Structures are given as C-alpha cells and as structure tokens.
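Let's walk through this model together, from its sheet to its helices and then into its interior. Keep the 3D view open as you read.

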Amino acid sequence: MYPDRAARITERRDFLRAREAPRSAKPSVVIQMLARKDDSDGPTRAGFTATKKIGNAVARNRAKRRLRAAARLLLPLHGQPGTDYVFIARAQTGARSWPALLDDVKAALISLARRERGPTGGSRNPTPSKP
C-alpha cells in the first residue's frame, strides 16, 4: 500500500456501521464519520459509494473516482486516526468544479472533526486531571 493512501473500507458491514454515525452533507458529497473503538490508533479508512440515482455506471464511477482523489489529498490533513469515513456521491459530484468539490470535502471533514471534539475544542470525554 502507498504511504499517502488511506486504508479502504470494502466490507458491507463497515458501511452499515457507519450509516448510523454522524454525517455532514454538502452540495457535492455526504461524509459519514465513525471512530473505531477497537483500533483507535489505527489508520484512517475511507469507503466510497454512489447510488443509481447518480446515473449510469460511467457517471457513478466518475463520481467515486473524483471522491477518491479528493480523499487522497484531504484525509491526511483533516482525517483522524482510527476513524472510518464513508464518502457518498451526490448528483453534483461528477459535474462540480474541482476546487468546489475540494472545498465541499474539506468543509465536511472539518465540520465532522469539530462535532467529534465538541464545542470546547477538546475531546468529548476528557479524562479528569489528578490533583
């Protein structure tokens, strides 16, 4: 595996597990984020999906290819270790300009990271400090 690539989610059960996770929807992408309890220091994993509502196989493949390229650029910067991300293509994913698609993905990742940290910027379950 290449060092700049995130590990891939390929099993259906992992996609189904992420379905109930927090999500962020932008005009060209929906991203679901699920922190793995069993592998909190493991690699960031990414999965990609596009429904038939997107179009024919050519349109779906193009949308997923663009999402993979955006994830390859942005997950190392904005992804959290030990977390699964599922990128869901929307109708505009294939036709959206590249800078706008990158902005949507970046905004969704930042929004999810902020939601995970909570309003104070720290983790949701901080460990109590010892006196």
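The paragraphs below take up the sheet, the helices, the cores and one loop residue in turn.

First, some ground rules: this is a predicted model, in which local features need pLDDT of at least 70 and side-chain atom pairs count only at pLDDT 80 or more, while totals for chains, interfaces and linings use all residues. Residues are numbered from 1 along each chain as its sequence is written, and side-chain values use heavy atoms, with hydrogens and water left out.

Start with the sheet. Five strands make up an open sheet with mixed pairing, in the order β1-β4-β5-β3-β2. β1 (7-8) and β2 (23-26) are at the edges with a single partner strand each, so one side of each has no neighbour in the sheet. Strands here are DSSP runs of E with at least two residues, helices are runs of H or I with at least four, and both are numbered from the N terminus; two strands pair if DSSP finds at least two bridges between them. β3 and β5 are antiparallel partners over seven bridges, and A35 stands opposite T83 in β5.

Now look at how the helices are placed. α1 lies across β2, β3, β4 and β5, at about 95° to β3, whereas α2 lies across β1, β3, β4 and β5, at about 150° to β5. Contact means heavy atoms within 4.5 Å; axes are lines fitted to C-alpha atoms, for helices over the stretch in contact, with angles from 0 to 180 degrees between N-to-C directions.

Which residues of α1 (residues 12-19) are buried? They are D14, F15 and A18, where buried means under 20% relative accessible area and exposed over 50%, with partly exposed in between (1.4 Å probe, protein chains only). Seen down the axis of α1, these buried residues fall within an arc of 100°, so they line one face of the helix; the arc is that of the directions from the helix axis to the C-beta atoms. They pack against β3, β4 and β5, while the face turned away carries the exposed R12 and R13.

Next comes the interior. The largest nonpolar core (buried Ala, Val, Leu, Ile, Met, Phe, Trp, Tyr and Cys residues joined through side-chain atoms within 4.5 Å) has 22 residues, and I31, L67, L75, Y85, F87, V105 and L109 have the most contacts inside it. β3 (29-35), β4 (45-49), α2 (57-78), β5 (83-89) and α3 (98-117) each give two or more residues to this core. A second, separate core of six residues includes I9, F15, A18 and V86.

Finally, find Q80 in the loop between α2 and β5. Q80 counts as buried because its relative accessibility is 19%. Leaving aside residues up to four places away in sequence, Q80 touches T44, Y85, A113 and E116.
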